[in-house]
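Here are my notes on the model you sent over. I've kept them to pockets, confidence and one residue that caught my eye.

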Amino acid sequence: MLSYDSVIFKKGGWPLEHTYSVGSNPVYFDQQLLHVLFAGESQTLPLHQAGPKIYDYYLLHYIEAGSGVFRTEQRKYELGTGDCFLIHPAQLVSYISDQQQPWRYRWAAFTGADAEQLALQAGFSPEKPVLTSAEGSVIPGALAGMMSAFYAGKESAHLTSLGYLYLIIGEASGLLISSSRLPGAESQVKRTVKQMINYMASQYAHPVSIEQMCGSLGYNRAYLSRIFKQETGLSPVTYLLKLRIEKSRQLLRERPELSVEQVAASVGLTDALYFSRQFKRFCAQSPSTYRQATANPGEK
């Protein structure tokens, strides 16, 4: 459902149109983990103010044109075209449009058990509720897409709106988290090593190589090996192998119906003989012996 309102306001002899429209989610919020409640747009009048007030949901605004001031319990933000601000639940806030260039903005409200974690993952917090978007931002288009989906009135609009919300959060995450990182070579090294660890943790079950990881991350193997060992004390090859062996130990304990060959394949090692040799190297016993020793839940 969509509501729309429009008035003409004259300032200095020039007409200024105040418009307001909002579309609500046709699917009723019934304690979903994540739910977009509504989305809207407005061209405000000079000095148009909302609040001070609190909300019981998250409310994201994107400024398409003009400027204004957003106030939280912590501070005041002077914002303009391309800026976003996220209002957090239970926070006393107010926002007012500029007298000379009143802002035009889009907004969306969302709620649910996962909403707080989603906002934090993006980098938004009550202490850091503002984002300056980059050129070509997906945010205004995503907010417009939500509104159009709600206007169509189909129940599928619920899922469509979540897709748009994740697009917005994805862009915000890239901008906010990167801006909060400390500059310098040391922080860059730590971030790169974390990327390597995340890559191996997600790809260990496939027969990937260190060369493939280096290619995926866009770095020279010698450089990655050096900084990885500097940070972890292990070479990437050894780290990946230890990770695979540790995962195989879990499978040997928890999946007795799997053969040693199937366990090896499940951790990215297609050569069962090589797997058994490396398992014994790290665990001082063969996979079969380890499985027998741990068959009794009381034994380690």
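1. Let's begin with the chemistry of the largest pocket's lining: nine residues are nonpolar and four are polar, with no charged residue in the set. Keep in mind throughout that this is a predicted model.

2. Which residues sit nearest the centre of that pocket? They are Tyr20, His61, Tyr95, Tyr105 and Trp107, out of a lining of 13 residues. Strands S2 (14-24), S3 (35-43), S5 (58-65) and S10 (104-111) are the elements that each give two or more residues to the lining. As for volume, the largest pocket holds about 200 Å³ of space.

3. The second largest pocket comes in at about 160 Å³. Its lining splits into seven nonpolar residues, one polar and three charged. The charged members are worth a look when you have the model open: Glu211, Arg221 and Arg244 are all on the lining list. That list also includes Val208, Ser209, Ile210, Val237 and Tyr274.

4. Where does the second pocket's lining come from? Helix H5 (210-217) and helix H7 (236-254) both supply at least two residues. H7 has the largest share, with four residues.

5. Now for confidence. The mean pLDDT over the chain is 86, and 89% of the residues score at least 70. How do the extremes fall? Strand S1 (residues 2-11) is at the bottom with a mean of 46, while S10 is at the top with 96. So that you can place the weak part: pLDDT is below 50 over residues 4-15, and in the model this stretch has 24 contacts beyond near neighbours in sequence.6. Last, have a look at asparagine 25, which is placed in the loop between S2 and S3. Is asparagine 25 buried or exposed? Its relative accessibility is 9%, and because the cut-off for buried is under 20%, asparagine 25 counts as buried.

7. What does the side chain of asparagine 25 pair with? There is a polar contact of 3.5 Å between the side chains of asparagine 25 and histidine 35. Setting aside neighbours within four places in sequence, asparagine 25 is in contact with His35, Val36, Leu37 and Phe38, and also with Phe150, His158 and Ser161.

Note on methods
Residues are numbered from 1 along each chain as its sequence is written. This is a predicted model: local features need pLDDT of at least 70, side-chain atom pairs count only at pLDDT 80 or more; totals for chains, interfaces and linings use all residues. Side-chain values use heavy atoms; hydrogens and water are left out. On a 1 Å grid over the protein atoms alone, a cavity is a set of points where a 1.4 Å probe fits but cannot get out, and a pocket is an open set with protein on both sides within 12 Å along at least five of seven lines; lining residues have an atom within 4 Å of a point. Grid points are joined across faces, edges and corners, and a volume is the space filled by probe spheres set on the points. pLDDT is the predictor's confidence in each residue, from 0 to 100. Contact means heavy atoms within 4.5 Å. Buried means under 20% relative accessible area, exposed over 50%, partly exposed in between (1.4 Å probe, protein chains only). A polar contact is a pair of N or O atoms within 3.5 Å; within protein, one must be able to donate a hydrogen and the other to accept it, and residues adjacent in sequence count only if both atoms are side-chain atoms.
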